[in-house]
Amino acid sequence: MRWKLTFVLLLLNVAAFYYLYHLENRDDPRDGNAGQSSLVLPESGDIVGITVTNRATDGQEQVRELKKKDRGGWQLVKPVHWPANENAVQKILDQLRFLEKEVRIPLSDIEKHSQGLADFGLDPAQFELVLISRNGERTKLEIGAPTKMGNRLYIMAPGGKEVLVVGDELLSSIAVPISELRNQRIFDIPVFELESLSIQSQAQRIRLVKGTDGWSFETPIPAKADDQLVQNTLALIVGLRVIRLIPTGEISPELAGLTAPSLRVTLGGNNRRQTLLLGGDVPNLPADAPAQVYARLENGGDDTTIFTVVKKPFEHITRAQEELRERRILRFDPSKVTALEINRAGRSLTLQRLESSTPDAAPAWQSVAKGSSGGEVKTEAASTDLVDKLISELHHLEVVAFVSDAPAPSDLEAWGLTDPIAKVTINASRDWTLLLGNNISAPKGDANAPHWANPRNLYAKTASKASVYALDLGILSALRADSLAYRSRTLTSLPKDARVESIKITDLKDNKVLFDQSIKTDSETWPTALPEDNVDRAEILTLVDTLKNFQVQEYLLPEFKELPNLPWRYQLDAAIIVPGGDGASEKRSYYFTLRDGVKQIGGSPQQNVTFMLTSNLIDALFPLTLAKNPPAAPRSPEEVMREPLDATQAPNK
């Protein structure tokens with residue numbers, strides 16, 4: 001009997017479950033009545049218009065209307081006319097595409113249970129969504145209240161014959177703020193597509209175009225622009241964001257300063273262009289808000305919506321003629337330079353590149369110097385490193401400021417450019433000639449003088465262009481018309497196997513020998529001959545190395561000669577054995593002045609030149625030429641105690 005009772009209880013449970021399920025899902029119209037839905041929406045690709053009406057609690061309707069443009073993309077046409085945020089529109093289309101009913105409730109069931117549309121938030125509906133198809137068909141969805149279970153919505157199906165329960169993602173996609181539904185950008189031409197930039201103010205017009213060699217100014221004068229700075233500026237313009245869209249009627253174009261705009265910025269790309277008009281300043285901004293100006297687009301269409309943008313980027317753009325200009329005025333290829341001619345103070349020096357013996361050999365240079373009379377010509381080898389350094393300085397030479405693009409002849413004369421103080425001509429793929437004029441001086445007490453008007457700068461121009469620039473005065477120190485400036489800093493260089501046999505240093509003032517040492521070159525070297533405890537061992541070894549490869553800091557005179565008030569004080573004589581000879585030593589002599597701080601002058605009668613010593617040689621000579629007087633024997637304590645105290649050594653009382 002027990003199994004029969006169990007079976008009966010099981011049947012009763014099944015019946016109760018079926019009854020509860022039927023009651024829950026059939027008798028309550030809010031949560032049941034499954035069946036075939038009449039929810040038929042147009043394909044997202046066929047939708048060309050979307051209208052969202054939000055019936056606010058105060059009775060005011062907020063309408064947002066979106067239209068698909070002929071060339072693709074979406075446009076917000078209400079409440080303002082502005083490009084739409086494509087991502088926000090695509091989110092709405094995606095929600096419509098995947099919208100599925102979970103439950104349908106026929107209106108007859110709602111009436112049967114003595115309920116009305118107001119119980120579902122549909123009388124009136126909070127939101128109304130209208131979809132317009134390509135063929136002009138309109139599909140309307142009314143969106144009501146959320147369900148009790150949450151994350152669901154009641155909507156009135158197209159045709160108005162049943163209420164559907166769907167997910168609430170659709171509501172979240174259409175109820176976004178207007179700032180998220182509109183495009184934040186002003187321009188939609190990508191930077192890589194841009195081919196022109198025009199900036200027109202009430203005072204001037206600037207136009208830049210992109211050519212095969214980069215960006216250049218067309219107006220106000222033809223000039224090369226700095227490609228990187230132009231790219232940065234274009235990225236800044238394209239990246240501009242709208243701060244606020246002004247509702248229609250809030251301010252007129254006249255009051256916004258847009259009927260006579262203060263600035264027009266036009267971007268040109270692949271057969272399309274966009275122009276931004278800037279008006280007056282936006283008043284009454286919060287204290288912490290950046291300065292803003294009114295603006296609108298001028299595209300020949302109905303995009304006349306006024307909006308606001310940050311003002312600061314346009315202050316940079318209005319100075320484009322100077323800010324974006326190429327500051328390198330000698331745009332040659334350093335690898336193509338074959339000669340440089342420097343003229344200064346009536347002297348002329350030409351640096352010529354010599355033919356290389358092999359294609360991969362390092363370039364060699366020679367200098368050809370002419371005196372002021374133009375008679376004697378002196379040719380000698382030039383240092384490749386020093387010539388390369390000069391070429392690099394000229395290649396990277398940048399202007400401090402652009403002084404004038406249309407100077408008068410009187411200006412050129414006053415600025416020292418009709419008879420320049422220095423001129424350099426560079427022979428590369430083409431010739432470049434730089435003229436350097438007078439130092440720039442500003443009128444005393446002139447508070448409005450430009451920042452570059454000071455004696456640290458000088459006037460300059462190229463021979464091929466009219467423009468005058470301000471250059472840093474330091475360029476003159478690099479342009480020297482004497483061959484010594486570019487002579488190799490290696491005075492003498494001995495073969496690797498050469499040996500220094502002896503070194504002798506004499507004080508010429510009293511003909512006193514300060515240092516005299518030699519080694520047996522057949523059995524000794526300087527490191528083995530010098531004791532480890534020799535206090536001057538490091539300096540002597542440095543001196544030996546210097547004699548094998550004698551470097552100078554700078555050449556002073558192309559002859560061996562004492563300078564005024566700087567007599568020779570020390571003479572260094574060295575005996576050097578050069579391999580391959582008869583074994584006899586060669587005598588080399590060098591003369592040095594007294595050390596003056598970190599400077600010391602030397603000379604070589606064999607090389608017939610006067611020069612500045614390197615710091616290594618100065619430090620090595622100093623302890624060897626310093627008088628080494630032995631200290632006096634210490635006094636006994638008794639003698640010290642018997643001596644009277646000096647007044648400055650008296651103890652404090």
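**View 1. What packs over helix α6.** The cover over the buried residues of α6 includes strands β10 (196-201), β11 (205-211), β12 (214-219) and β15 (263-269), plus helix α7 (312-317). Keep in mind that this is a predicted model. The residues being covered are Val230, Thr233, Leu234, Ile237 and Val238. Looking down the axis of α6, these buried residues fall within an arc of 130°, so they line one face of the helix.

**View 2. Helix α6 from end to end.** With 12 residues (227-238) at 1.5 Å a residue, α6 should span 16 Å, and its end C-alpha atoms are indeed 16 Å apart. At the N-terminal end, Asp226 acts as the cap: one of its side-chain oxygens sits 3.1 Å from the backbone nitrogen of Gln228.

**View 3. Two of the aromatic pairs.** Searching the whole structure turns up 8 aromatic pairs. In one of them, Trp82 and Phe307 meet edge-to-face, 4.8 Å centre to centre with 65° between the planes. This pair ties together distant parts of the chain, with Trp82 in strand β4 and Phe307 in strand β18, 225 residues apart. Trp82 counts as buried at 1% relative accessibility, and Phe307 does too, at 0%. Phe560 and Trp568 are stacked instead: 5.4 Å between centres, 5° between planes. Here Phe560 is partly exposed at 26% relative accessibility, while Trp568 is buried at 13%.

**View 4. A ring cluster, and arginines over rings.** Phe550, Tyr590 and Phe611 are joined into a cluster by ring pairs. Arg430 lies over the face of Trp432, 3.8 Å from the ring centre. Arg595 does likewise over Phe622, at 4.9 Å from the ring centre.

Terms used. Residues numbered from 1 in each chain as written. Predicted model: local features only at pLDDT ≥ 70, side-chain atom pairs only at ≥ 80, totals over all residues. Heavy atoms only, no water. Helix = DSSP H or I, 4+ residues; strand = E, 2+ residues; numbered from the N terminus. Expected span 1.5 Å × (residues − 1). Buried < 20%, exposed > 50% of the residue type's maximum accessible area, 1.4 Å probe, protein only. Arc of directions from axis to C-beta. Contact = heavy atoms within 4.5 Å. Polar contact = N/O pair within 3.5 Å; in protein donor to acceptor, adjacent residues only side chain to side chain. Phe/Tyr/Trp six-rings, centres within 6.5 Å; stacked < 30°, edge-to-face > 60°. Lys NZ or Arg CZ within 6 Å of the ring centre and 35° of its normal.
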